[in-house]
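Biologist: Could you show me the structure, and then walk me through it at a first-year pace?

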Number of protein chains: 2
Amino acid sequence: MTLMKSWVTGANSAETPFPLNNLPYGVFSTEGTEPRCGVAIGDMILDMAALETAGLIALAAGGVFHAPCWNGVMELGPDLWARLRARLTQMLAEGSEHRAAIAPYLVPQAEATLHMPLRVSEYTDFYAGRQHAQNMGAMLRGSPDLPANWLHIPVGYNGRASSVVVSGTDIRRPNGQTKAPDAEMPDFGPCKRLDIELEMGAIVGTPSAFGAPVTVDQADAMIFGYVLLNDWSARDIQSWEYQPLGPFQGKAFGTSISPWIVTTAALEPFRAPTPARERTLLPYLDSSIDGLFDIELEVSMQPAGADRATTLSRTNYNRMYYSAAEQLCHHASGGCGMNTGDLLGSGTISGPDKSEYGSLMELCWAGREPFTLDTGEVRTFIEDGDTLTLRGRAVGDGYQIGFGTCTGTILPAVKLPS
Amino acid sequence: MTLMKSWVTGANSAETPFPLNNLPYGVFSTEGTEPRCGVAIGDMILDMAALETAGLIALAAGGVFHAPCWNGVMELGPDLWARLRARLTQMLAEGSEHRAAIAPYLVPQAEATLHMPLRVSEYTDFYAGRQHAQNMGAMLRGSPDLPANWLHIPVGYNGRASSVVVSGTDIRRPNGQTKAPDAEMPDFGPCKRLDIELEMGAIVGTPSAFGAPVTVDQADAMIFGYVLLNDWSARDIQSWEYQPLGPFQGKAFGTSISPWIVTTAALEPFRAPTPARERTLLPYLDSSIDGLFDIELEVSMQPAGADRATTLSRTNYNRMYYSAAEQLCHHASGGCGMNTGDLLGSGTISGPDKSEYGSLMELCWAGREPFTLDTGEVRTFIEDGDTLTLRGRAVGDGYQIGFGTCTGTILPAVKLPS
C-alpha cells in the first residue's frame, strides 16, 4: 500500500507516524479541558468529542467520544469500527468536501496532553518470544532449553491492570523482598535489577462470553488494536518470589503503554506469519490468518542530564512465536470470559542477535556484561533518573504507521522508615 | 458479644445466619425488578434502594443504593461505612421508633434472586494455608517442605476477575491442555481433575495510590468485608501449564463467591491472631492487630440426583499463616495501586487433620485415596452434575454471623469439534 493523501498539514510526509493510513485513537486534553477522544493525523489531533457535539459524526445514540477512553467505541463492535474508520478517511482525505467543516476541530498535538487511551479491564502478559525464553533459561536455569510446555502453549500469566499507565508517567523504583543466594534471610528494599521488557500490547475490543471458547480467527477479529508496551520488571524481586505461583510484585509497579491505539485495520497491510512450528500446535490453535505484524521496534536509554539517548536494541514484532490472536484463543479456551479493554502483552520481543534483545537482563546478560552508552555512562540495569523509550513503526511504500513513543523515567524508591 | 435483638421476624434465633449483629450487604432482585442493594436481616432483605428513594436513608448526594453492586458505598470510605452500620442497627433494633416506617421495605429472601454483591476490579489469589502448601508439596513435588520463600512472603498471584461469579452460578467443566507424564504430546480436552479450593475472600474497600505502600494496620482498615470463596481448579491443566509463570487457564473458568458481604465490623468480635512465626517476618509486615477471624468453615458435595449432601471437610479461617491484611500490605509493597472492589482470595484453608482439608486434591490425596459419600457414590475429583457447597459462620454467645452458602454445580465441558 502507498501513502493516502490528506489535506491536513504534516500528514503527507514519509516521516510522520500519523498519515491518513494510520488514524490511531487516543485520549487528550488541552489546558482547562477534560480528557476526551481524539484521532492523530499529521501534527494534529482531531477532536472527536467536539465533532460529535457539532453533529459532524454520530456513531451511537447518546455519544461515545466525550469520554476519557475508547472503551465505548470498542463496545460498539467491528461493524461500527469499520464505519468510523471509513468516515474519518473520507473526511480527512485530500480533496474532501468536508474540509471546511472539519478543520476547526483540529488541535495541534504540541498543545495537547495525552492520557490513557483505554480503561484497562484486565491485563495479561505472555511469554511468546522464543529467543527471550531461551535467553532467560540460559541465564536463570543454566540451559537455553525451553520449558516443556512452551512449544505447545502460548504461556501467559495474569498481570495487574491497576499498574498500567500511559507513556510519560514516571515510574517509581519498587521496594520489595529479595534474597541473595548465600544469605540466611531475605531483605526488603529498593530493587537493584530494574529492567524493561519490550512488548506489543493487543487490546481486546469485542468480548467473549463466560464459558465460551473462541477460535484463533474469531480472536483475531476481536482485537481492536495494538500499542507499544513496556512491562517494567524487578528481576531481583521476581526471582525470589516467583516459585511456585509466578511473577507478582516484581511486575506490579508499572506497565507503560504508548498513548495511541493503532487499529488492526491500519496494520492489515503489514500482517506477517508466525514461524514454522517445531511441534505441531493442537487443533484448537489452528488458524487461517497471519497473526503477527511487521513492526520495527527500538529501545533507547537516556540517563538524567545526558544530552541524548542511546539506542540499545532494534527488533521486530514479527520475531514472535505466537500471535496475539493465538494468545487470546488460548486465554478463552477454558471458558474464561474476555472483556472489552482487556490488554494482552505479547511477551518480550528479542531477535536472535544481541542487538535485537528486548530487555536489559539479556543485553547485560544478567549483569555479567555491562554496556556503555553513547554518552559514556556504563549500565547493566536501570539507574534512578534514567529514561527508557520504546518506538515502533510499520513501514510501507512512502509512508509509515507509527505508534508514537512509550517512555518512562525512573524515580527513586519510596524511602523506608529507619 | 451476645445477640442484639431486632423487631424483624427470624432475626433473633441462635440459628439464623443474619441476626442484627451481622447486617451483611448483597444485591438482589425480585420478579420484574432491577438488581439493587439490600441488607440481610433474619429471613428478610431490607431494600436499600427503596429506602433511599423514600428518603429514609441518605448516605451520599445522588444516592448509592440503586446500583447492582456495593462499590459506590465502599468508595465513600470507612467513616461512612460506620455511619451506615450504626443507622441500620438503630432502625432494625428491637423497640426502634423507625419500625413502622421501615417495615414496608422488607422483602422476603425467599422471593429474591441474589446477584454479585460487588463489581470485582481485580482478583488476586494467595497461598497462605500452611497445611495446604505442605500437602501440595508432598503430592506434587514429593516433599512437604515449603517453598523457600513461603515463610517470608504471603505468596500470591493475579487471578482473573472476569471469572468471578456469584454462588448458584453453574460452572462449566473447562477444556484445556494436559499432558500425561509418559505421553509424547499434550492433549486438549475436558479437565479430568476438577477440584475446589475452600477460601475466604477479602474485599478491598478503600483504594491505595499507585506508587504508595501501606502498612498492615492500614491494610486492615482498607478491607470492607469478607465472603466465602471457591477457587475452582483444574489440577491437570494447572500442572502442565504452571511452569514457569504460574496458574493460568487451570484457574480461569470460575471462582464462586457467597452473595453476602459480611463486613469487617460484624466480624470484630471474632478476630484471631496469626500463628507463632517460624521465621520472623520482615518489618514491612509488622502489625499490631489480630488479622485472622474465627470462622467455622465446611465443604459438602452432592451428586446429581442424590437426596442429600455429604460433608467432606470442616475447618476454620483461623488456621491460616497470613492474614488478608498482611497479604494486602505485601500486594501494595512495591507500589501496586489497590482499588475499591479488589478481591483477595486467602488461599486454600486446610487444617492439620485430613477431616479439615479444603480441596479434593488433598482429600483424595491426588487421586490415590478415593472417598465414599453418604449416598454410596465414590469420588476422587468432581464429576459432572456434582454440586459443591461451602458454608461459613462465626459463632458468638447465642448468635452467629453467617455467610450464607457458596455453591455451584458442574456442567459438562463444551463439546469440541470432532
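Modeller: What follows is a talk through a predicted model, taking the domains, the active site, the salt bridges and the two copies in turn.

Biologist: Which domains does the assignment give for chain A?

Modeller: The domain assignment splits chain A into domain 1, which covers 25-115, and domain 2, which covers 123-411. UniProt, in an unreviewed entry, lists residues 123-409 of chain A as "domain: Fumarylacetoacetase-like C-terminal". Over residues 123-409 the chain is 15% helix and 31% strand, and the C-alpha atoms at the two ends are 22 Å apart.

Biologist: And how far apart are the centres of the two domains of chain A?

Modeller: The C-alpha centres of domain 1 and domain 2 of chain A lie 29 Å apart. The two domains do touch, with 16 residues of domain 1 in contact with 17 residues of domain 2.

Biologist: How much area do they bury between them?

Modeller: Domain 1 and domain 2 of chain A bury about 1300 Å² between them, and 73% of that is on carbon and sulfur atoms. On the domain 1 side, A:Tyr25, A:Met74 and A:Trp81 lose the most area to domain 2, together making up 45% of what that side buries.

Biologist: How many salt bridges are there between those two domains?

Modeller: The count between domain 1 and domain 2 of chain A is zero, although the structure holds 40 salt bridges over all chains.

Biologist: Changing topic, where does UniProt put the active site?

Modeller: The unreviewed UniProt entry places the feature "active site" at A:His132, a residue that sits in helix α5 of chain A, residues 130-141.

Biologist: Is A:His132 buried or exposed, and what does it touch?

Modeller: A:His132 has a relative accessible area of 2%, and because anything under 20% counts as buried, A:His132 is buried. Leaving aside residues up to four places away in sequence, A:His132 touches A:Tyr127, A:Glu197, A:Thr348, A:Ser350, A:Ser359 and A:Glu362.

Biologist: Which network of salt bridges is A:Glu197 part of?

Modeller: A:Glu197 is linked with A:Asp195, A:Asp231, A:Arg235 and A:Lys251 in a network of salt bridges. Within this group, the side chains of A:Arg235 and A:Asp195 meet in a salt bridge at 2.8 Å, N to O. That pair links distant parts of the chain, with A:Arg235 in helix α7 (residues 235-241) and A:Asp195 in strand β12 (residues 194-195), 40 residues apart. A:Arg235 and A:Asp195 are both buried.

Biologist: What about a salt bridge with an exposed residue, such as B:Asp307?

Modeller: The side chains of B:Asp307 and B:Arg308 meet in a salt bridge at 3.1 Å, N to O. B:Asp307 is exposed, with a relative accessible area of 61%, whereas B:Arg308 is partly exposed at 41%.

Biologist: What joins A:Arg160 to B:Asp342?

Modeller: A:Arg160 forms a salt bridge with B:Asp342, the closest N and O atoms being 2.5 Å apart. A:Arg160 lies in the loop between β7 (156-158) and β8 (164-166) of chain A, and B:Asp342 lies in the loop between α9 (324-332) and β22 (343-345) of chain B, so the pair joins two chains. Both A:Arg160 and B:Asp342 are buried.

Biologist: Last one: what turn lays chain B on chain A?

Modeller: A turn of 180 degrees, with a shift of 0.0 Å along the axis, lays chain B on chain A with an RMSD of 0.0 Å. The two copies are therefore related as by a two-fold rotation axis. The same surface serves both copies, since 100% of the contact residues of chain B recur in chain A. Of the residues of chain B, B:Gly246 comes closest to the rotation axis, at 2.1 Å by its C-alpha.

Conventions:
Residues numbered from 1 in each chain as written. Chains lettered and ligands numbered in written order. Predicted model: local features only at pLDDT ≥ 70, side-chain atom pairs only at ≥ 80, totals over all residues. Heavy atoms only, no water. UniProt positions renumbered as here; feature names shortened; annotations may be inferred. Helix = DSSP H or I, 4+ residues; strand = E, 2+ residues; numbered from the N terminus. Least-squares fit on C-alpha atoms with pLDDT ≥ 70 in both. Contact = heavy atoms within 4.5 Å. Salt bridge = Lys/Arg side-chain N within 4 Å of Asp/Glu carboxyl O. Buried < 20%, exposed > 50% of the residue type's maximum accessible area, 1.4 Å probe, protein only. Domains from an automatic or database assignment. Buried area = accessible area lost by both parts, 1.4 Å probe.
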